[in-house]
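Trainee: I would like to go through the contact between two chains and ask what justifies each term.

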Amino acid sequence: MFNKSTNTQDNPKGNVQPSYTPSEGSDYNQPSRSASEPTGSYRSSMEVTSGSGKPSIISEDVVLTGNIKTPGALHIEGTVKGDLEVSSLTIGPTGLFEGNVNCKILNIRGKFSGTSVCRELMVASSAQIDAKITYQDLTLQRGAGLRGELHVANFAE
Amino acid sequence: MEITEHAGNIVIGNDVSLKGVLIVPNRAVVNGSIDGEITAKELVVGQTGRIVGHAKTERADIHGEVNQTLAVSQSLILRSTGKVTGVVHYAELEIEKGGLVEGKMTQQSSPANTQPAPAPAPVQTPPPAEPVPSAEDE
């Protein structure tokens, strides 16, 4: 599928989509969207844990450009640009991710733009997405913004 | 007969298939299949319902299948059995787990009316099957 080859080696700096100009501090860092928002009911039916059982967390004030590969879970509350290969990615309400992600579970509560191939796609009402996503299973809460292209795939396993 | 006799509604029953252009002032319930265009204020596609062509509505509740174009100026709810392929315009969207979307999604920020329609003049070609009694006769 698309973007499976456009990963780490070809793009070492992770400088994807330079057209984006982050309006830092004003846009993604809204104090009204706190991480303690009640999102407990919005959980995946198949939780993924890393070897240590804990997700890697990019917290709110962090801006990261680069590629991440982990067999475990990644939680983004800050800003990440690059390519990710993780088993489970959560973009929190304050999180912003721009790039390509290949994962089993993609849980979006913040902003996402780019492309993704995932099995389970969950979009919360606070999410804003502009992306090309290939998925197998989709849930979208009322109010979420989803623009782009969607494709359905059937992943064996 | 449970066909609602209120003016402006249409119910397309199971196994009914229709080709043509439908303009429904109120609510359209589609349990059969439509090949063509449908414009309705409220569009409900049942589990057995299927639309191929252009569907334009203010509110849509999709349990069945819509192919090609679906333009919803207000809220679009895709149920777990629903499937939409093609181009989707919406203002507010909800997808239940199991619902499938394949194609392009575009969002209008406000519930404004979607412009790209055929001529708004009532070019209604009466379809061969007419399951709706016209309420005006009564």
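Mentor: Start with a definition: a salt bridge needs a side-chain nitrogen of Lys or Arg within 4 Å of a carboxyl oxygen of Asp or Glu. This is a predicted model, and the count between chain A and chain B is 4 salt bridges.

Trainee: Why is the pair A:Arg142 and B:Glu94 called a salt bridge?

Mentor: The closest N and O atoms of A:Arg142 and B:Glu94 are 3.0 Å apart. The limit is 4 Å, so the pair qualifies. A:Arg142 also appears with A:Leu140 and A:Leu150 among the residues of chain A that lose the most area to chain B; together these three give 33% of what that side buries.

Trainee: What makes β11(A) and β9(B) a pair of strands?

Mentor: Pairing requires at least two bridges, and 3 join β11(A) to β9(B), therefore they pair. The two strands run antiparallel. In β9(B), B:Lys104 is the bridge partner of A:Glu149.

Trainee: How many residues are in contact on each side?

Mentor: In chain A 21 residues are in contact with 18 residues of chain B. The area buried between the two chains is about 1,600 Å², and carbon and sulfur atoms give 43% of that.

Trainee: How many residue pairs are in polar contact across the interface?

Mentor: The rule finds 12 such pairs, both residues being at pLDDT 80 or more. On the side of chain A that touches chain B, β9, β10 and β11 each supply at least two residues. The largest share, 8 residues, comes from β11(A). By class, that side has 7 nonpolar, 9 polar and 5 charged residues.

Note on methods: Residues numbered from 1 in each chain as written. Chains lettered and ligands numbered in written order. Predicted model: local features only at pLDDT ≥ 70, side-chain atom pairs only at ≥ 80, totals over all residues. Heavy atoms only, no water. Contact = heavy atoms within 4.5 Å. Buried area = accessible area lost by both parts, 1.4 Å probe. Polar contact = N/O pair within 3.5 Å; in protein donor to acceptor, adjacent residues only side chain to side chain. Helix = DSSP H or I, 4+ residues; strand = E, 2+ residues; numbered from the N terminus. Nonpolar A, V, L, I, M, F, W, Y, C, P; charged D, E, K, R; others polar.
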